[in-house]
Amino acid sequence: MIQLKDEYQISKIRSSCHLLSDMFDEVGPQVVEGISTYDIDRLCESFMKKHHAKGPCKGYFGYPNVTCTSVNSTVIHGIPSKKEILQEGDIISIDVCIDLDGYISDSTHTYEIGKVSEKVHQLNVETRKSLYLGIEAASKPNARIQDIAQAVSSHCRKFKYGVVKDYCGHGVGFEIHEDPEVPNYVSLANPNPRIKKGMVFAIEPMINMGTWKVEVLRDNWTVKTLDRLPSCHWEHTVAMTENGLEILTEY
Ligand code: MF3
Ligand code: CO
């Protein structure tokens, strides 16, 4: 069931999302060669504490941290580790939820460490572009959820990238994962609701250099590309308001 949000609730989710955007502004410049994924998680958690917010990923189905830090061939749900030190040429997606006053935001950025290969840079640029194309598709009058998938997947097909199917965007705001699912690939088998006023959801293309296929490691969290080629991930929380679709995690 899709839980529509009223104006007051959207204003509270907006505050949570703006704080998350501020967090990326503060932590982003510190995501450089030599830092561990654990230290990135510490920076994010301190930021949340300083702003009287919480990281709802910590404890979600037993997940141990406030961020997911996914390096190179890790698609999503990489667990921060003191032993994982970023090197020049790496890419890392930092996926974070914030709970501010009971309202949840969700956003992901992929950072390049120093100079990365031209191919990897292009994967990152086009993945981010596919997120904005998805947002644009969702902004059109009478748009439906699968219009997002159509926009994301048709863009990525041009580059022969793999569009991850096993994980999707989702409704968000009261909880981390709500209805509807927001896939990045089109399927007649999937529900295709119209995007209505009051809907708040996360759009999050996960795009692979090679195959779309992924596997979960034995830690039961880390999702890797099957061919171990790199993967990028960008995510915004958006809301359909009276004035159209608003990107909440960027302002
Ligand atoms: N932020 C993730 C998402 O985009 C959810 C993280 S799963 C968790 O859907 F277990 F790490 F919390
Ligand atoms: Co999400």
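**Cobalt site, ligand pocket and local backbone features**

Pro 180 lies in strand β7, which spans residues 178-182. The peptide bond that leads into this proline, from Asp 179 to Pro 180, is cis, with omega near 0°. Most peptide bonds are trans. The model analysed here is predicted.

Two further backbone features concern asparagines. Phi of Asn 142 is positive, near 60°. Asn 142 sits in the loop between α3 (118-139) and α4 (145-157). Its relative accessible area is 58%, so Asn 142 is exposed. Asn 220 also has a positive phi, near 70°. This residue belongs to the loop between β10 (214-216) and β11 (223-225). With a relative accessible area of 63%, Asn 220 is exposed. Neither residue is a glycine. Most residues other than glycine have a negative phi.

Leu 217 is found in the loop between β10 and β11. Leu 217 is partly exposed, at a relative accessible area of 28%. The C-alpha atom of Leu 217 is 9.9 Å from that of Thr 74. Along the chain, Leu 217 and Thr 74 are 143 residues apart.

The cobalt ion (ligand 2) was examined next. Its protein donors are Asp 106 (OD), His 170 (NE2), Glu 204 (OE) and Glu 235 (OE). These donors lie 2.0 to 2.2 Å from the cobalt ion. Along the chain they follow the spacing D-x63-H-x33-E-x30-E. Asp 106 and Glu 235 link distant parts of the chain, being 129 residues apart. Asp 106 is in strand β4 (residues 103-112). Glu 235 is in the loop between β12 (231-233) and β13 (236-241). Both Asp 106 and Glu 235 are buried.

Six donor atoms surround the cobalt ion (ligand 2). The angles they subtend run from 50 to 167°, and the arrangement is therefore irregular. The octahedral class requires opposite donors over 155 degrees apart and all other angles between 65 and 115. The angle of 50° falls outside these limits, so the six donors do not count as octahedral. Ideal angles for six octahedral donors are 90 or 180 degrees.

Ligand 1 is surrounded by 13 residues. The closest are Asp 95, Asp 106, His 170, His 177 and Glu 204. Three of the cobalt donor residues, Asp 106, His 170 and Glu 204, are thus among the closest residues to ligand 1. Each of the three has a side-chain N or O atom in contact with an oxygen atom of ligand 1. The distance is 3.0 Å for Asp 106. For His 170 the separation is 3.1 Å. For Glu 204 the separation is 3.1 Å. On its own, ligand 1 has 340 Å² of accessible area, of which the protein covers 97%.

Cysteines were considered last. A search of the whole structure finds zero disulfides. Cys 17 is in no disulfide, and the nearest cysteine sulfur, that of Cys 97, is 9.7 Å away. Cys 17 has a relative accessible area of 0% and is therefore buried. For Cys 168, the closest cysteine sulfur is in Cys 156, at 14 Å. A disulfide requires two sulfur atoms within 2.5 Å, so this pair is too far apart for a bond. Cys 168 is buried as well, because its relative accessible area of 17% is under the 20% limit.

How values were computed
Residues numbered from 1 in each chain as written. Chains lettered and ligands numbered in written order. Predicted model: local features only at pLDDT ≥ 70, side-chain atom pairs only at ≥ 80, totals over all residues. Heavy atoms only, no water. Donors = N, O, S within 2.8 Å, 3.2 Å for Na, K, Ca; no water. Tetrahedral: all angles 85-135°; square planar, octahedral: opposite > 155°, others 65-115°. Helix = DSSP H or I, 4+ residues; strand = E, 2+ residues; numbered from the N terminus. Buried < 20%, exposed > 50% of the residue type's maximum accessible area, 1.4 Å probe, protein only. Near = heavy atom within 4 Å. Polar contact = N/O pair within 3.5 Å; in protein donor to acceptor, adjacent residues only side chain to side chain. Areas by Shrake-Rupley, 256 points an atom, 1.4 Å probe, with all protein chains shown as cover.
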